[in-house]
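Here are a few notes to go with your first look at this one. Have the model open while you read.

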Amino acid sequence: MNIELRAQHMETITDPKAIVIYDMMCDACEKREGGMTDADQMLCADIARAEQIKQMCLSDISDRGLGRERSNGRQRYYAENKSCSVLRAFTEQQRKCMAELKLTPGSRKAAGINLEDDFDNF
């Protein structure tokens, strides 16, 4: 792990859950074959920043709810809390970054099993 790069990332990543996710992603990348590059560490920071924004959106949703009824003169309509769509967008962005790092189950391809048996000769 690039310690200088981590220090730069920690200037903007302040949420405790985001810091935990940053460390977990970096550890997972270091355990992969080939280790972790600076570009991988930048993606880990993006995932952690997305988590930080998600936590703010979740806090807003718990405070204000999913939406509320609004009125415009005689018309009444239901307006969704914009934090809901932002939360979905950042969750999807996290998944894309994790897939890029090959840290999602779907992004990892299972290696083929090479059986040394006499079936081919049979």
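1. How many salt bridges does the count come to? Eight, if a salt bridge is a side-chain nitrogen of Lys or Arg within 4 Å of a carboxyl oxygen of Asp or Glu. Before you go hunting for them, bear in mind that this is a predicted model, where local features need pLDDT of at least 70 and side-chain atom pairs count only at pLDDT 80 or more, while totals for chains, interfaces and linings use all residues. Residues are numbered from 1 along each chain as its sequence is written, and side-chain values use heavy atoms, with hydrogens and water left out.

2. Start with Arg6 and Asp23, whose side chains form a salt bridge at 2.8 Å, N to O. This pair links distant parts of the chain, as Arg6 sits in helix α1 and Asp23 in helix α2, 17 residues apart. (Helices, H or I of at least four residues, and strands, E of at least two, are DSSP runs numbered from the N terminus.) Both ends are partly exposed: Arg6 has a relative accessible area of 23%, and Asp23 has 24%. On this scale buried means under 20% relative accessible area, exposed over 50%, and partly exposed in between, using a 1.4 Å probe and protein chains only.

3. Next, look at Glu51 and Lys54, another salt bridge, with the closest N and O atoms 3.4 Å apart. The two residues are three apart in helix α3, so about one helical turn separates them. Here both partners are buried. Arg88 and Glu80 also make a salt bridge, at 3.5 Å between the closest N and O atoms; Arg88 is partly exposed at 49%, and Glu80 is partly exposed at 41%.

4. Helix α2 deserves a slow look. Its 16 residues (16-31) reach 23 Å from first C-alpha to last, close to the 22 Å expected at 1.5 Å a residue; the expected span is 1.5 Å times one less than the number of residues. At the N-terminal end, Asp15 acts as a cap, with a side-chain oxygen 3.2 Å from the backbone nitrogen of Lys17.

5. Which residues of α2 are buried? They are Ala18, Tyr22, Met25, Cys26 and Cys29. These cover an arc of only 100° around the axis (taken from the directions from the helix axis to the C-beta atoms), so they lie on the same side of α2. That buried set packs against α1 (3-12), α3 (38-64) and α4 (82-100). On the face turned away from the buried side you'll find the exposed residues Pro16, Lys17 and Lys31.

6. Don't be tempted to draw in disulfides: the count comes to zero, taking a disulfide as a pair of cysteine sulfur atoms within 2.5 Å. Cys44 has its closest cysteine sulfur in Cys29, but at 3.8 Å that is too far for a bond. Cys44 is buried, with a relative accessible area of 0%. Cys57 is in no disulfide either, the nearest cysteine sulfur being that of Cys84, 8.6 Å away. Cys57 counts as buried too, at 8%.

7. Finally, find Asn81 in the loop between β2 (75-80) and α4. Asn81 is buried, at 5% relative accessible area. Leaving aside neighbours within four places in sequence, its contacts (heavy atoms within 4.5 Å) are Asp60, Ile61, Arg64, Gly65, Leu66 and Gly67. With Asp60, the side chain of Asn81 makes a polar contact of 3.2 Å; a polar contact is a pair of N or O atoms within 3.5 Å, where within protein one must be able to donate a hydrogen and the other to accept it, and residues adjacent in sequence count only if both atoms are side-chain atoms.
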